[in-house]
Each structure stands twice: as structure tokens, then as C-alpha cells.
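Visitor: Please take a close look at one part of this model, the strand pairing, and go on from there to whatever borders on it. A single connected account would suit me.

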Amino acid sequence: MQKRLGWLITAILLLVFASVVIFFYHTSNVTKPAHTFAEQANTPSNHDLPTGKKKSAGTPTASDLKSKEFVANGRLTQVGQYRLTSSGVAEKLVGDNAVSATLQNHNFIYQVTRIARYKNTARSTKALQNARRVLNTPKLANGYETLVIAYRITNDSTTFGVTPGVTTIGFKGKPTMSELNGLVNDPKLSVAGIPAGGYTDATVTVFIPKGATNDIDLQFATIKDRHGNILVGPSAKLRVTF
């Protein structure tokens, strides 16, 4: 009886040992999941990261407050002026152009009215990582430039319309920007919408690829009614030179 019991205990121990070996073997050979695009945007990198202190990055320095070019509140009105975002990015206005480009898509009219160009300098690692996340551009280098494009959508239909705004912006000979990479719509059009028989003004911010010319092609997104029914599909491309 004792001999049988001893064999049984030995068999159980061998089974437990084998299970543990198989578990660790399987665990060590499982392929780790790849980082998603969003995760890569927040992955620390040594690519042109600034060294400013995190606590003071979004606070104007004594030098800022003494500078004639620094604007604490309100919009920048002159080339050379700059402001500081709460996240710690200094935005310097380097170009400001009034433009006039119009495109009609059935009952909706798109008018691009102004294009401002900014040079952006993050004052901390966290500020640059945040900019990379917002623009969805993981390898964004510090000292990057953006365009802020002002436009108006006029609704000549009898139905209230909602749209995210601009779907793509193309630069000649460069990658096309979208919300997946380098383009950020303000939420006005998707929240406030476009009243029937009225218009809504909005802006879109886009990262400028290095070496890009002053010619861009904008395509506006689908416009829907309150119930999600499509009023008009994406527009044709509108070429704007500034």
C-alpha cells in the first residue's frame, strides 16, 4: 500500500513539473505585440528633444515678458510675434497670407480666406511628445512648421449639415496629410455644424513637410445631416497658392 502511494506521489510531482516546464517554454516563445501607431507617438526618442524643465515649459519666462514680440493673450497679428501654449510650445508667426480660393460642391461652397505659417519650438520633452501625439507624427522634430488655414463653408441647402472639415491636404511632391498623419481639424464644424441657408467659419492645422512649396490641395470631407444621411460626398481638390 505504501509502495503504491509512493508511486502515486512521484507521478503527481512529475506531472506538475512537466506542466511548469511547458508553461515557461510557451511563455518565452510568445511573440510580443508590435506597438501601435499611437503608442509609437508617445514612445520616448532622442530625436531633437529639448531639455526645458517640465514645470516651467508652459509658463512665460522673464525674457518672454520683456520681449516686444511676445503676445501673452489673443491672436498674433504681425510676422515675428510669438505666443506660448499651455503645453509649452512657442508658436512664432513666420507668414500670414490673405487668399481667395473657392470651390462649390452641390449646395455647399468652400472658401479659403487666410493661411498663416508658424514655426513651433517645444520647450520640454513632454511638450514635443504632446505635439507628436496631437499631430499623429511620431518622428516630428523640434522646430517644426505648421499652416493654420482659415476657411468658410456656406450651406445653400435647406438642411442643417455636419462635417469634420478637411479630409486631406496635399503638398506638391510630398506625402498627403490627413487626420491619420499631420492634420488636425478644429471641432467647430462637427459640433456647431453648418446652419441651413447660413455659413460656418473654421480652421485646420497641418504639418508642413520639409521642402514643401507654397501650393496645397485641400479636399473637404463628406457633409451629413443630423441623422447621419449624406448630403454631399467629399469635395474635389481645391488648389490654393499662398
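**Strand pairing and its surroundings**

Guide: Asp217 stands opposite Arg239, a residue of β12. This is read from a predicted model. The two strands concerned are β9, which covers residues 215-220, and β12, and they are joined in the antiparallel sense by four bridges. Both belong to an open sheet of four strands, whose order is β6-β5-β9-β12 and whose pairing is antiparallel. At its edges are β6 (177-178) and β12 (238-241), and each of these pairs on one side only. In general, the strands of a sheet pair through backbone hydrogen bonds, in a parallel or an antiparallel arrangement.

There is also an open sheet of six strands, again with antiparallel pairing, in the order β1-β2-β3-β4-β8-β7. Its edges are taken by β1 (82-84) and β7 (183-185); each has a single partner strand, so one side of each is left without a neighbour in the sheet. On average, neighbouring strands here are turned by 30° against each other, with direction ignored. Within this sheet, β4 and β8 (residues 199-207) run antiparallel and are joined by nine bridges. One pair can be named: Ile149 has Val204 in β8 as its bridge partner.

A helix borders on the six-stranded sheet. This is α4, which lies across β2, β3, β4, β7 and β8 and runs at about 40° to β4. Its buried residues are Ala127, Leu128, Gln129, Ala131, Arg132 and Leu135.

Two loops next to these elements contain an unusual backbone angle. Most residues other than glycine have a negative phi. Asn136, just after α4, has a positive phi of about 55°, and Asn136 is not a glycine. The residue is part of the loop that leads from α4 (125-135) to β4 (144-155). Asn136 counts as buried because its relative accessible area is 18%, under the 20% cut-off.

His106 is the other case: its phi is positive, about 55°, although His106 is not a glycine. The loop in which His106 lies is between β2 (89-105) and β3 (108-122). His106 has a relative accessible area of 62% and is therefore exposed, the cut-off for that class being over 50%. To set the two side by side, Asn136 is buried, whereas His106 is exposed.

Key. Residues numbered from 1 in each chain as written. Predicted model: local features only at pLDDT ≥ 70, side-chain atom pairs only at ≥ 80, totals over all residues. Heavy atoms only, no water. Buried < 20%, exposed > 50% of the residue type's maximum accessible area, 1.4 Å probe, protein only. Pairing = 2+ DSSP bridges. Axes fitted to C-alpha atoms, helices over the stretch in contact; angles between N-to-C directions. Contact = heavy atoms within 4.5 Å.
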